[in-house]
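Q: Could you show me how to read a few features of a protein model, one at a time?

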Amino acid sequence: MSMSLQVSNSSKFQVSEFILMGFPGIHSWQHWLSLPLALLYLSAIGANSLILITICQDSALQQPMYHFLGILSVVDMGLATTIMPKIRAIFWFDAKVISLPECFAQIYAIHCFVGMESGIFLCMAFDRYVAICHPLRYPSIVTNALILKATLFMVFRNGLVVIPVPVLAAQRNYCFRNEIEHCLCSNLGVTRLACDDRRPNSICQLVLAWLGMGSDLSLIILSYTLILRSVLRLNSAEAVSKALSTCTSHLILILFFYTVVVVISVTHLAETKATLIPVLLNVLHNIIPPSLNPMVYALRTKELRAGFQKVFCLSLEKKVRHQRPSS
């Protein structure tokens, strides 16, 4: 086992770095996965950047729903960028070593961005609730000031609440093993290497997950329950279809996001040995939503598709204007 050790003040050995081994069981050919993962990352950055540009340039999209979508795009790009550079370095340059501070910083960033994504989903659910259940009061309730306050609250909430996760992980004694069967530093994957009791870390992560994403999910379910009750009271089938169509994209993304979170959490807390499927699922959960979210909204939102067309037409017009003098 490749290991870099230093003697701590307590006369115990303490590892000074971790080694990210990649996907368990397929180390010899895992570099072939670098291409699809890189394509997913590029599509996530490109698609979310396009959504941001479209929302900024199209006056028809200056609505709260699209403002929240733009914030979600920023969070998605941050989440994907937190893990993909290191994963590509592992696959392309065999740069598997990561220092303890870098590893704990990655743990913090992943938990922070995932928590913010959950929070933005809650804000979008509240937006749809007000739009459908209280349409006449919507302009006075969902204002730019409310969007700013909700966004700042989600940033500070998740930025502060997840601090105990990397702090407790850093308090563990890593005295023997330093090889992580993973492509990224996950909290429970790292603390599994500790020589002392890691139950405080597991309890902390479980409590924070229920307080943060658990409360978000509960409020999202409540919002859509009230939406469904309000929609079913409508007499027109066309009105029901139109109301539900505005929520479909959001529900698809929520279902995927929280289902994978639950599966990953159960897998880790069940103390199962690191295997390919949970590790691959963990990586994909941090890269697929950033690339999936823009596609789902683009395919199912007519206004956003129209905005894309306007942006492309404007860019083509500018290109033609620049080419005319030279010709």
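A: Let us begin with a term: a nonpolar core is a set of buried Ala, Val, Leu, Ile, Met, Phe, Trp, Tyr and Cys residues that are joined through side-chain atoms within 4.5 Å, where buried means under 20% relative accessible area. Please keep in mind that this is a predicted model.

Q: Which residues touch the most other members of the largest nonpolar core?

A: The largest nonpolar core holds 77 residues, and Phe-18, Tyr-174 and Val-190 are those that touch the most other members. The largest share of this core comes from α3, which gives 16 residues.

Q: How is empty space found, and what volume does the largest pocket have?

A: Rolling a probe the size of a water molecule over the atoms shows where empty space is left. In this model, the largest pocket contains about 900 Å³ of space. Its lining is made up of 40 residues, and the closest to the pocket's centre are Gln-205, Ala-209, Met-213, Val-261 and Ser-265.

Q: Which element gives the most to the lining of the largest pocket, and which classes of residue are found there?

A: The element that gives the most is α8, with 13 residues, and by class the lining has 22 nonpolar, 16 polar and two charged residues.

Q: Where does the UniProt annotation "transmembrane region" fall?

A: The unreviewed UniProt entry places this annotation on several stretches, among them residues 32-53 and 207-228. In the model, residues 32-53 are 91% helix and 0% strand, with end C-alpha atoms 33 Å apart, while residues 207-228 are 100% helix and 0% strand, with end C-alpha atoms 30 Å apart.

Notes: Residues are numbered from 1 along each chain as its sequence is written. This is a predicted model: local features need pLDDT of at least 70, side-chain atom pairs count only at pLDDT 80 or more; totals for chains, interfaces and linings use all residues. Side-chain values use heavy atoms; hydrogens and water are left out. UniProt positions are given in the numbering used here, feature names are shortened, and annotations may be inferred rather than shown by experiment. Helices (H or I, at least four residues) and strands (E, at least two) are DSSP runs, numbered from the N terminus. On a 1 Å grid over the protein atoms alone, a cavity is a set of points where a 1.4 Å probe fits but cannot get out, and a pocket is an open set with protein on both sides within 12 Å along at least five of seven lines; lining residues have an atom within 4 Å of a point. Grid points are joined across faces, edges and corners, and a volume is the space filled by probe spheres set on the points. Ala, Val, Leu, Ile, Met, Phe, Trp, Tyr, Cys and Pro count as nonpolar, Asp, Glu, Lys and Arg as charged, and the others, Gly among them, as polar. Buried means under 20% relative accessible area, exposed over 50%, partly exposed in between (1.4 Å probe, protein chains only).
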